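Subject: Structure handover

Hello,

Here is the structure for you to load. My notes on the ligand sites and the sheets follow below it.

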Amino acid sequence: MTAKKLHIKTWGCQMNVYDSQRMADVLAPLGYAESDEIEGADLVILNTCHIREKATEKVFSELGRMRKHRAEKEKAGGKMAFAVAGCVAQAEGAEILRRDKNVDMVFGPQTYHKLPEMIANWESANGKTRILNTEFPPEPKFDHFPAEQATRGTSAFVAVQEGCDKFCSFCVVPYTRGAEYSRPAADIISEIKHLIAKGVREVTLLGQNVNAWHGDGLDDTTWDLGRLIFQLAEINGLDRIRYMTSHPRDMHDMLYRAHGEVPQLMPYLHLPVQHGSDKILETMNRKHTADDYMRIIHRLRDIRPDMAFSSDFIVGFPGETDADHRATMKLVDEVGYAAAYSFKYSRRPGTPAAKAGKQVSEDIKDRRLQELQTKLYADQTAFNASKLGMTIPVLLDRKGRNDGQLQGHSPWLQTVNVAAPDRLMGQIMDVTITKTTQNSLTGEIVTIAPISEIHAA
Ligand code: SAH
Ligand code: SF4
Ligand code: F3S
């Protein structure tokens, strides 16, 4: 089999990053080897995101830029296939094929296990047919992925849940990803064991609503995410467990218990609240209040005092007044986030909020976003500074900027730069923090021998 070159470009959330890796895994047995470069590729997949505006335009301009690479490949007597995958493919599949004649294949997020078949059909028609597949097949794609993920470092994503039944009034995800689905515990455990055998030490459990996971347990009952985490804690060699993204409505007793009792579960949680005003939360269809959210934060901090939080925020949601915005600012102040993502509200076709009468002007959105981000960045800087002088366990998972440097992550997902020899790659080392900025920490390794991970005070 001659080796073929595969280039995947990924936008959007971690689920898309995971999907891109699994597409590469599915295509490997067909002779496709992944490459960071587009030049000379036999197949290019754009794995797209539809969450905010200009998503579709971004795809078309990328396709435009890719054309010259295709022409070069053709001049050399080869062929470069263009495929569009992900959430834009799901939402705008037919439109993409109509508008850009160079696109050969369009397939949605739930069809990736069918890639070999789709590619074979396309190849056997000698590239003369175009493929459009935006089905939601009854069988979950996860059941048809290779059991093993090719590993890419010491930290890995494992999708445990996909899809969303929540229908927040601004969001396209329930339409592009489909209904909630939870993988069985046995499959998740087996995927993680394979990863550990290849050197992975940290796993992030992924899902659009990961704490809504309710899958078949090992004992023929349905488990919740907390129960799953207790089981994962039994796996030898799995030193760090994380999960994202969570919804405030799906926090449950067993998950709180896991945060108190499972040392491998990192003291950091991405728990998007979106807004601080109850009126806006209601029209967003979030089905929780600001106070409900604060109670979750306090309960977790009582259980685990070093717990840190991140969130997503939307400013300028239809109907948002200055008073509503101040409620967001107040909530941010009360929580004291370690990190956060904030966005201007973007009207998404087909979502209820897009039709709301009281859209907020761009000027006001800009001003509110700036005020919010100034506060969030200051809090992030302060959170990082709070680690100055502390000794914390750092998983060294990539090369640093300069020779003799490695980069790693703290329990709170901060990037940490340390002077360290390459042989320490993949180790969890105690590092004393000597410098902090808004975006990262710098530190010195305390001992050279790897020691087991300890909780920072
Ligand atoms: N499942 C996650 C979030 C998925 S989308 C959750 O429930 O929190 C990631 C983030 O994009 C959201 O948290 C939200 O802040 C933002 N987002 C989604 N739709 C948006 C829209 N129409 N305009 C602006 N931001 C949006
Ligand atoms: Fe979108 Fe809401 Fe579902 Fe998150 S919970 S994916 S924001 S609909
Ligand atoms: Fe984007 Fe789809 Fe993820 S819209 S955020 S890639 S679920």
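Ligand 3 is surrounded by Cys13, Asn16, Thr48, Cys49, His50, Ile51, Cys87, Val173, Arg177 and Gln208. Bear in mind that the model is predicted. By class, this shell has 5 nonpolar, 4 polar and 1 charged residues. Two domains contribute to the shell of ligand 3. Domain 1 (4-133) and domain 2 (141-385) each give at least three residues.

Now ligand 1. Its surroundings comprise 15 residues. The closest are Phe170, Gln208, Gln274, Asp312 and Ser346. Gln208 also appears in the list for ligand 3. The shell of ligand 1 splits into 6 nonpolar, 4 polar and 5 charged residues.

Three polar contacts to ligand 1 are worth loading into your viewer:

- Arg52: a polar side-chain atom sits 3.0 Å from an oxygen atom of ligand 1.
- Phe170: a backbone N or O atom is 3.0 Å from a nitrogen atom of ligand 1.
- Arg286: a side-chain N or O atom lies 3.4 Å from an oxygen atom of ligand 1.

On its own, ligand 1 has 540 Å² of accessible area, and the protein covers 89% of that.

Which strands supply at least two residues each to the shell around ligand 1? They are β15 (308-315) and β16 (339-344). Both belong to an open sheet of 3 strands, ordered β14-β15-β16, with parallel pairing. β14 (268-270) and β16 are the edge strands. Each has a single partner strand, so one side of each is left without a neighbour in the sheet. Neighbouring strands here are turned by 10° against each other on average, direction ignored. β15 and β16 pair in the parallel sense over 6 bridges. One bridge joins Ser311 to Ala340 in β16.

There is also an open sheet of 6 strands. Its order is β2-β1-β3-β4-β5-β6, and the pairing is parallel. Why do β2 and β6 each have one side without a neighbour in the sheet? β2 (32-34) and β6 (131-133) stand at the edges with a single partner strand each, so one side of each stays free of a neighbour in the sheet. The twist averages 20° from one strand to the next. Inside this order, β4 (81-85) and β5 (105-107) pair in the parallel sense over 2 bridges. Ala83 has Met105, in β5, as its bridge partner.

Best wishes

Definitions and conventions
Residues numbered from 1 in each chain as written. Chains lettered and ligands numbered in written order. Predicted model: local features only at pLDDT ≥ 70, side-chain atom pairs only at ≥ 80, totals over all residues. Heavy atoms only, no water. Near = heavy atom within 4 Å. Polar contact = N/O pair within 3.5 Å; in protein donor to acceptor, adjacent residues only side chain to side chain. Areas by Shrake-Rupley, 256 points an atom, 1.4 Å probe, with all protein chains shown as cover. Helix = DSSP H or I, 4+ residues; strand = E, 2+ residues; numbered from the N terminus. Nonpolar A, V, L, I, M, F, W, Y, C, P; charged D, E, K, R; others polar. Domains from an automatic or database assignment. Pairing = 2+ DSSP bridges. Axes fitted to C-alpha atoms, helices over the stretch in contact; angles between N-to-C directions.
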